[in-house]
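User: I am new to this structure. Please take a close look at a single part and explain how that part fits in with the rest.

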Amino acid sequence: MNKYLQAKGRLRTGEMNKTETAFAALLERRKRAGEIVDYWFEAVTFKIAENQCRYTPDFLVLLNDMSLVVFEVKGSFTCYADDAKVKCKVFSSKYPLQLYIVAPRRKKDGGGWQYLSYSDEETPISLNN
C-alpha cells in the first residue's frame, strides 16, 4: 500500500482505522444496551452530484424508532478537510437523513466523543463511553 495514502488514514474499502474501530465499539455497546437496533460500516454510497461525485458515510445506524442516521468519523475536527466538509454539506441538503460528524474528545477533556451536525440537532445516542 502507498505509504502516503496510509498516512492520511485511508484503508481499503471495508477496513476500519483505529478511530472507526473505537466508534464501532461504542455502537456495539449501544446496540447491546438496546439504544439502537443495528449499525453498518460503509454500507451505502450516495450520489451527491453529477459526474460521479459520491459520498460513502462511515456508519449507517438504525435507531429504535426505525429511523436511520449517518455518522462520519474523524480523528479530530482539525483533520476534517474542506472536500469532506463540502460532501457532508451537500449530502445534508440533498438527503433526508441526519448526518453527524464525530471525533474523539481528548482524555484530558473527559474522553468520549464530540460531534458536529449541520442542523444543530442532538445526537440520537449517547456519545459518552
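Analyst: A contact here means that heavy atoms lie within 4.5 Å. In this predicted model, 49% of the contacts between residues at least 6 apart in sequence join residues at least 24 apart. The part chosen for the close look is strand S4, which covers residues 59-63.

Some background on the chain comes before the strand. The chain holds three helices and seven strands. Read from the N terminus, the elements follow the order α-α-β-β-β-β-β-α-β-β. Of its 129 residues, 33% count as buried. The accessible surface is about 8100 Å², and carbon and sulfur atoms account for 50% of it.

S4 belongs to an open sheet of five strands, in the order S1-S4-S5-S6-S7 and with mixed pairing. The edges are formed by S1 (36-41) and S7 (113-117), each of which pairs on one side only. On average, and with direction ignored, neighbouring strands of this sheet are turned by 30° against each other.

In that order, S4 stands between S1 and S5. With S1, the pairing is antiparallel and runs over five bridges. One position to look for on this side is Phe41, which stands opposite Phe59 in S4. With S5 (residues 68-73), S4 again pairs in the antiparallel sense, here over four bridges. Two partners can be followed on this side: Val61 has Val69 as its bridge partner in S5, and Leu60 has Val70.

Two helices lie against this sheet. H2 (residues 18-32) packs on it and touches S1, S4, S5, S6 (98-104) and S7, so S4 is among the strands in contact with this helix. The direction of H2 makes about 160° with that of S1. H3 (residues 82-94) also packs on the sheet, where it touches S5 and S6, and its direction makes about 150° with that of S6.

How many of the five residues of S4 are buried? Five of the five are, so the strand is largely enclosed by the rest of the structure. The side chains divide between two directions: Phe59, Val61 and Leu63 point one way, while Leu60 and Leu62 point the other way. Residues pointing in both directions are buried. Buried means a relative accessible area under 20%.

The link from S4 to S5 is a hairpin with four residues between the two strands. Met66 sits in this turn, and its phi is positive, at about 70°, although Met66 is not a glycine. With a relative accessibility of 54%, Met66 counts as exposed, because the limit for that class is over 50%. The buried residues of S4 are thus followed by a loop that includes an exposed one.

A second positive phi turns up at Glu42, which is not a glycine either; the value there is about 45°. Glu42 lies in the loop between S1 and S2 (46-49). Its relative accessible area is 27%, which makes Glu42 partly exposed.

On the other side of S5 in the sheet order comes S6, and Gln98 is found in that strand. Gln98 is buried, with a relative accessible area of 16%. Leaving out residues up to four places away in sequence, Gln98 touches Leu68, Val69, Val70, Ser117, Ser119 and Glu121. Val69 and Val70 in this list are also the bridge partners of Val61 and Leu60, respectively. The side chain of Gln98 also makes a polar contact with the side chain of Ser117, at 2.6 Å.

Helix H2, which touches S4, includes Lys18. Lys18 is exposed, with a relative accessible area of 77%. The C-alpha atoms of Lys18 and Gly75 are separated by 8.8 Å, although these residues are 57 apart along the chain.

Two cysteines complete the surroundings. Cys79 is partly exposed, with a relative accessible area of 46%, whereas Cys88 is buried at 1%. The number of disulfides is zero.

To return to the strand itself, S4 pairs with S1 over five bridges and with S5 over four, and five of its five residues are buried.

Note on methods: Residues are numbered from 1 along each chain as its sequence is written. This is a predicted model: local features need pLDDT of at least 70, side-chain atom pairs count only at pLDDT 80 or more; totals for chains, interfaces and linings use all residues. Side-chain values use heavy atoms; hydrogens and water are left out. Two strands pair if DSSP finds at least two bridges between them. Axes are lines fitted to C-alpha atoms, for helices over the stretch in contact, and angles run from 0 to 180 degrees between N-to-C directions. A disulfide is a pair of cysteine sulfur atoms within 2.5 Å. Buried means under 20% relative accessible area, exposed over 50%, partly exposed in between (1.4 Å probe, protein chains only). A polar contact is a pair of N or O atoms within 3.5 Å; within protein, one must be able to donate a hydrogen and the other to accept it, and residues adjacent in sequence count only if both atoms are side-chain atoms. Accessible areas come from the Shrake-Rupley method with a 1.4 Å probe; for residues, only the protein chains shown count as cover.
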